[in-house]
Amino acid sequence: MNWNNLHEATAENEKPTPGWLFKEICQDAHQFPQDVPDVAEHLMRCVACDSSNVSMKACLVVRHLADEVPGFRLYMQRCPEALGILQDISAPPPLAITASLERVEQKVAREAAARALQS
């Protein structure tokens, strides 16, 4: 697994993660299935962190891996704590008016977490 790609995809900056990087991470996860547990743990730590940018980026990586890597999807389905975190993040804002005040990063993270849960 190329950990540099994973760290770049979840970097704490405002730079969007390019699509080719998601593809590279998914290819690595296919090639190195033994690293899936460590990748999942790293990503869930990022998802649960205080930085909205890092959380959003990690949710997007989880979504891509869940969509494209069956081994990752199966591993995540056996992790109730990780699914609970994704469930919490994917929950819509409690009031309709707060949806209009929701930050873009939070909305993208919520939508990516919901998509990952559907995979």
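Me: How many salt bridges does the count come to by this rule?

Reply: Three. The rule asks for a side-chain nitrogen of Lys or Arg within 4 Å of a carboxyl oxygen of Asp or Glu. The model is predicted, so local features need pLDDT of at least 70 and side-chain atom pairs count only at pLDDT 80 or more, whereas totals for chains, interfaces and linings use all residues. Residues are numbered from 1 along each chain as its sequence is written, and side-chain values use heavy atoms, with hydrogens and water left out.

Me: What makes Arg45 and Glu41 a salt bridge?

Reply: Their closest N and O atoms are 2.7 Å apart, and the limit is 4 Å, so the pair qualifies. Both residues belong to helix H3, four residues apart, or about one turn of the helix. Helices here are DSSP runs of H or I with at least four residues, numbered from the N terminus.

Me: Is Arg45 called buried or exposed, and how do you know?

Reply: The relative accessible area of Arg45 is 59%, so Arg45 is exposed. The classes are buried under 20%, exposed over 50% and partly exposed in between, computed with a 1.4 Å probe on protein chains only. Its partner Glu41 has 42% and is therefore partly exposed. Asp38, which also lies in helix H3, has a relative accessible area of 42% and counts as partly exposed. The C-alpha atoms of Asp38 and Met1 are separated by 10.0 Å, although the two residues are 37 apart along the chain.

Me: How do you know that the length of H3 agrees with its number of residues?

Reply: H3 covers residues 36-47, 12 residues, and at 1.5 Å a residue it should span 16 Å. The expected span is 1.5 Å times one less than the number of residues. The end C-alpha atoms of H3 are 16 Å apart, so the two values agree.

Me: Which helices do the buried residues of H3 pack against?

Reply: They pack against H1 (3-9), H2 (19-31), H4 (52-68), H5 (70-77) and H6 (80-90). The buried residues of H3 are Val36, Val39, Ala40, His42, Leu43, Met44, Cys46 and Val47.

Me: Which residues does Phe72 touch?

Reply: Not counting residues up to four places away in sequence, Phe72 touches Val36, Val39, Ala40, Leu43, Val62, Leu65 and Ala66. Contact means heavy atoms within 4.5 Å.

Me: Which residues have the most contacts inside the largest nonpolar core?

Reply: They are Ile25, Leu43, Val61, Val62, Leu65, Phe72 and Met76, in a core of 34 residues. H1, H2, H3, H4, H5, H6 and H8 (104-118) each give two or more residues to this core. The largest share, nine residues, comes from H4. A nonpolar core is a set of buried Ala, Val, Leu, Ile, Met, Phe, Trp, Tyr and Cys residues joined through side-chain atoms within 4.5 Å.

Me: Why is H4 called largely enclosed by the rest of the structure?

Reply: Because 15 of its 17 residues are buried. For the 17 residues of H4 the expected span is 24 Å, and the end C-alpha atoms are 24 Å apart, which agrees. One residue of H4 is His64, which counts as buried because its relative accessibility is 16%. Leaving aside neighbours within four places in sequence, His64 is in contact with Phe22, Cys26 and Val69.

Me: What links Arg63, Asp67 and Arg115?

Reply: A network of salt bridges. Arg63 pairs with Asp67, the closest N and O atoms being 3.8 Å apart, which is within the 4 Å limit. Both lie in helix H4, four residues apart, about one turn of the helix. Arg115 also forms a salt bridge with Asp67, at 2.9 Å between the closest N and O atoms. This second pair links distant parts of the chain, since Arg115 is in helix H8 and Asp67 in helix H4, 48 residues apart.

Me: Which accessibility classes do these residues fall in?

Reply: Arg63 is at 18% and so counts as buried. Asp67, with a relative accessible area of 27%, is partly exposed, and Arg115, at 38%, counts as partly exposed.

Me: How do you know that Lys57 has no salt bridge?

Reply: The nearest side chain of opposite charge to buried Lys57 is Glu8, 8.6 Å away, and the limit is 4 Å, so no salt bridge is counted. For charge, Lys and Arg count as positive and Asp and Glu as negative, while His and the chain ends are not counted. Lys57 sits in helix H4, and its side chain reaches the backbone oxygen of Lys15 at 2.9 Å. Leaving aside neighbours within four places in sequence, the contacts of Lys57 are Ala9, Thr10, Ala11, Asn13, Lys15 and Thr17.

How values were computed
Polar contact = N/O pair within 3.5 Å; in protein donor to acceptor, adjacent residues only side chain to side chain.
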